[in-house]
Amino acid sequence: MPQLYADERVYFELVFRPSVVLTTTVRRFVSDFYERVLDDEDSTSRLAMATQELLENAVKYGSHGETVLRIEVLRSEGIVRIHTSNRSDALNIAILERRISEMRSAPDPVGFYQRLLRATVNEPDGSGLGLARIRCEGEMEVDLTVEGDRVAINAIARTHSGAPS
Amino acid sequence: MREHLDGFSSRIARSDEALHVLLEGDANMSAVEDVGRTLDEVHETALRENVSVVVIDVRNLEFMNSSCFKKFVSWLGHLQELPKETQYMIRFLSDPKMHWQRRSLHVLQCFAPDVVTVET
């Protein structure tokens, strides 16, 4: 394997039309990437989970066209950024904006996640658990930007080891 | 490197006191209905046969997405709503090398500490 330097910025970008089959394939691919770049099994696991959740959101709520997945590792800062971008309709964008706003206004990720779990016991699917899971189990910051009908979500993690070795 | 099991599968078996549920593979979007059906069947069987413990073996479950996870949350929530004397305990058997299991099962244990235990 080529030597990676501590201050190296490592990234890749995939442009594809997400499907159920592809989300799992991509999760396995990015797991391999995280494993090689971070050398930290726990970080690899939570980042793989976050990637899959974000791609499944794109499948469920994206309207048409391509989804962009960009994964960037800032090795010197020990930061990983997962970025997805896709088109969506006004209703789904509004729902997503509300969910992320509610989540970000709750200071305690664990408490928010547990309250959301309790509130959704009798609810059908589509309750925003995936985003709360990324924030709580993935220990990531999640934010959203909207430009017209294009939605971009950034999930940012600090790896446990700080600057990956 | 771990061998990937494509798809999702579940098996339910009965022993003297417990109901054993084996979940394997990848619980992604395409497994949501299966997971829901399996847990419904487990719940109905456990109540009908007065089972005291349900053992859920997830050691070969590579991944579970939030929609499948939500099926577990609903199951636990409904179990907690039952009178104490009709509730059963749930024991998860997990693989410590699957890091998602440690995090997600801990969340379930915090959600329903009165009925859930997690073993590695």
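**Why is it called that?**

Author: Chain B's secondary structure comes to three helices and five strands, where helices (H or I, at least four residues) and strands (E, at least two) are DSSP runs numbered from the N terminus. This is a predicted model, in which local features need pLDDT of at least 70, side-chain atom pairs count only at pLDDT 80 or more, and totals for chains, interfaces and linings use all residues. Residues are numbered from 1 along each chain as its sequence is written, while chains are lettered from A and ligands numbered from 1 in the order in which they are written.

Reader: What makes chain B as compact as a globular protein of that length?

Author: Its radius of gyration, taken over C-alpha atoms, is set against the globule rule, 2.2 Å times the number of residues to the power 0.38. For the 120 residues of chain B the rule gives 14 Å and the radius of gyration is 14 Å, so the label fits. Along the principal axes, the C-alpha atoms fill a box of roughly 45 × 25 × 25 Å. Read along the sequence, the pattern is β-β-α-β-α-β-α-β.

Reader: And how does chain A, with 165 residues, agree with a compact globule?

Author: A compact globule with that many residues would have a radius of gyration near 15 Å, and chain A comes out at 16 Å, so the two agree. The C-alpha trace of chain A spans about 50 × 35 × 25 Å along its principal axes. Chain A has five helices and five strands, running β-α-α-β-β-α-α-α-β-β from the N terminus.

Reader: Why does A:D39 count as partly exposed?

Author: Blame the neighbour count: a residue is buried with 20 or more other C-beta atoms within 10 Å of its own, exposed with 12 or fewer, and partly exposed in between, with C-beta atoms placed from the backbone. A:D39 has 14 C-beta neighbours inside 10 Å, so it lands in between. This residue sits in the loop between α1 (20-38) and α2 (41-61) of chain A. A:D39 also has a positive phi of about 55°, although it is not a glycine.

Reader: What is unusual about a positive phi?

Author: Most residues other than glycine have a negative phi. A:E139 is another case, with a positive phi of about 50° and no glycine to explain it. A:E139 belongs to the loop between α5 and β4 of chain A. With 18 other C-beta atoms within 10 Å, A:E139 is partly exposed.

Reader: How do you know that B:H78 is partly exposed?

Author: B:H78 has 14 C-beta neighbours inside 10 Å, so it falls between the limits for buried and exposed. B:H78 lies in helix α2 of chain B.

Reader: What makes helix α5 of chain A mostly covered?

Author: In α5 (residues 129-136), eight of its eight residues are buried. Among them are A:L129, A:G130 and A:R133. The cover includes α2, α3 (90-105), α4 (109-119), β4 (140-147) and β5 (150-158) of chain A, together with α2 (66-81) of chain B.

Reader: Why are α5(A) and α2(B) called roughly perpendicular?

Author: Axes are lines fitted to C-alpha atoms, for helices over the stretch in contact, and angles run from 0 to 180 degrees between N-to-C directions. Under 35 degrees counts as roughly parallel, over 145 as roughly antiparallel, 65 to 115 as roughly perpendicular and the rest as oblique. These axes cross at roughly 95° and come within 9 Å, so the pair is roughly perpendicular.

Reader: Which residues in α5(A) and α2(B) meet?

Author: Residues are in contact if their C-beta atoms, placed from the backbone, lie within 7 Å. A:L129, A:G130 and A:R133 meet B:S66, B:F69 and B:K70. That contact has two nonpolar, two polar and two charged residues; Ala, Val, Leu, Ile, Met, Phe, Trp, Tyr, Cys and Pro count as nonpolar, Asp, Glu, Lys and Arg as charged, and the others, Gly among them, as polar.

Reader: How many residues of chain A are in contact with chain B?

Author: 24 residues of chain A are in contact with 22 residues of chain B. α2(A) gives the most to chain A's side, with eight residues. By class, that side has seven nonpolar, eight polar and nine charged residues.

Technical notes
Contact = placed C-beta atoms within 7 Å.
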